[in-house]
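Student: I should like a close look at the aromatic rings of this model and at the residues set around them in the discussion. Please give one connected account, with the cut-offs stated.

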Amino acid sequence: MTRQEKGLWATVIVLTACVLGMGGWMLFSGNFSQEASPPWKEGSQPVASIQDRAITEDEWVDELKKRYGREMLMTMLNRHAVALEAKAKDIDVTTAEVDAEIEVMSRSYGSKERFLSEMENQLGITESELKTETTYRLLLEKIATSDVHIEEQQIDSYLEQYPDQFRPKKQFNLSIIEVASKDEAERVMDRLENGEAFADLAAQVSLDEYTREDGGQIGLVEEDDPFLPPAVLDAASTLEPGDIAGPISLTDTYAIVYVKEIIEPQAPSEESVRKAVRKQLALEQSVSLSELERQLREKYEARISAGTVTL
């Protein structure tokens, strides 16, 4: 997974996590335009206020229910329907399976610890929450593929067609300084050799607006990352951790590259590769997971009572 793919995936998670936050903003923008504070109902306590305007718990909950209640109810119904189907088919997900899946997700981050730290620090997702969501997804996938049979020759054919799909790629933890001319790049190299910190120089002189404020840090990238100039990756491939290279000629600028860390992931076992291919092929032959959720809600007669939420 490249840093752009990780960023896209992270964006999806962030957008999902921000739904309630957006609801709060809508609540403020809609209800705070009223001039006076209506009296709250008995038993409904204020949860927020501004000057003489109070927001009660009932108002807050009602607004959230109107805007997001249906989605939350659908999620809850999906979880119950999937649990019922799993029990009926005697399907479960073990702790070992969840841990193995998280290990797979962690590979593009260099380590499980780094992955979990980024999930919590950057996205607010705890390890416990991640395990809960992973358990649900794996359970849903098992139900979807429970009646799909994949022959060994199908797996062989897939691996012949895509031999490098499961080959782990070397990763570099890179930082970059980009300047306008070769002469300026040479001066930056001189300053680095004289002991100035790479991050400080990047913040001062780098033209790369995406990394400058982070001291030039790009982060982990794969050895064939399509979003980085080949010249930068070629230079990085010749370095050891802690090395700096430059000037590197780019299209209109010059770069200096610092390799903080090099990660060479361990190759997965043949058994785990074949298991991953089997699941992928089975999922391609099954109904989509969202359609399966719909079918299970219908099977177990899930209903949302009229008037409960805005439909």
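Tutor: The account below begins with the aromatic rings and then turns to a helix, two loop residues and some backbone details.

This is a predicted model, in which local features need pLDDT of at least 70 and side-chain atom pairs count only at pLDDT 80 or more, while totals for chains, interfaces and linings use all residues. Residues are numbered from 1 along each chain as its sequence is written, and side-chain values use heavy atoms, with hydrogens and water left out.

Rings of Phe, Tyr and Trp (its six-membered ring) pair if their centres lie within 6.5 Å; planes under 30 degrees apart count as stacked, over 60 as edge-to-face and the rest as tilted. By this rule there are two aromatic pairs. One of them joins Tyr 158 and Tyr 162, a tilted pair with 4.8 Å from centre to centre and 45° between the planes. Burial is judged by relative accessible area: under 20% is buried, over 50% exposed and in between partly exposed (1.4 Å probe, protein chains only). Tyr 158 is buried at 10%, whereas Tyr 162 is partly exposed at 36%. Phe 198 and Tyr 258 have ring centres 5.5 Å apart and planes at 40°, so this pair too is tilted. The pair links distant parts of the chain, with Phe 198 in helix H9 (residues 198-205) and Tyr 258 in strand E6, 60 residues apart. Helices (H or I, at least four residues) and strands (E, at least two) are DSSP runs, numbered from the N terminus. Phe 198 is buried at 9% relative accessibility, and Tyr 258 is partly exposed at 24%.

A further ring, that of Tyr 136, has the charged end of Arg 79 over it, 3.9 Å from its centre. A charge sits over a ring if NZ of Lys or CZ of Arg is within 6 Å of the ring centre and within 35 degrees of the ring normal.

Strand E6 (254-263) also borders the loop that holds Thr 253, with strand E5 (244-249) on the other side. Thr 253 is buried, at 13% relative accessible area. Its side chain makes a polar contact with the side chain of Glu 178 at 2.7 Å; such a contact is a pair of N or O atoms within 3.5 Å, where within protein one must be able to donate a hydrogen and the other to accept it, and residues adjacent in sequence count only if both atoms are side-chain atoms. Not counting residues up to four places away in sequence, Thr 253 touches Glu 178, Val 179, Ala 180, Leu 207 and Ile 248, contact meaning heavy atoms within 4.5 Å. In strand E5 lies Pro 247, which is joined to Gly 246 by a cis peptide bond with omega of about -5°.

Ser 286 lies in the loop between helix H11 (270-285) and helix H12 (289-299), and is buried at 15%. The side chain of Ser 286 reaches the backbone oxygen of Leu 283 at 3.0 Å. Beyond the segment after H12 begins, Glu 301 is found, with a positive phi of about 55° although it is not a glycine; Glu 301 is exposed at 62%.

Gln 51, in the loop between strand E1 (46-50) and strand E2 (53-56), likewise has a positive phi, near 50°. Gln 51 is exposed, with a relative accessible area of 80%.
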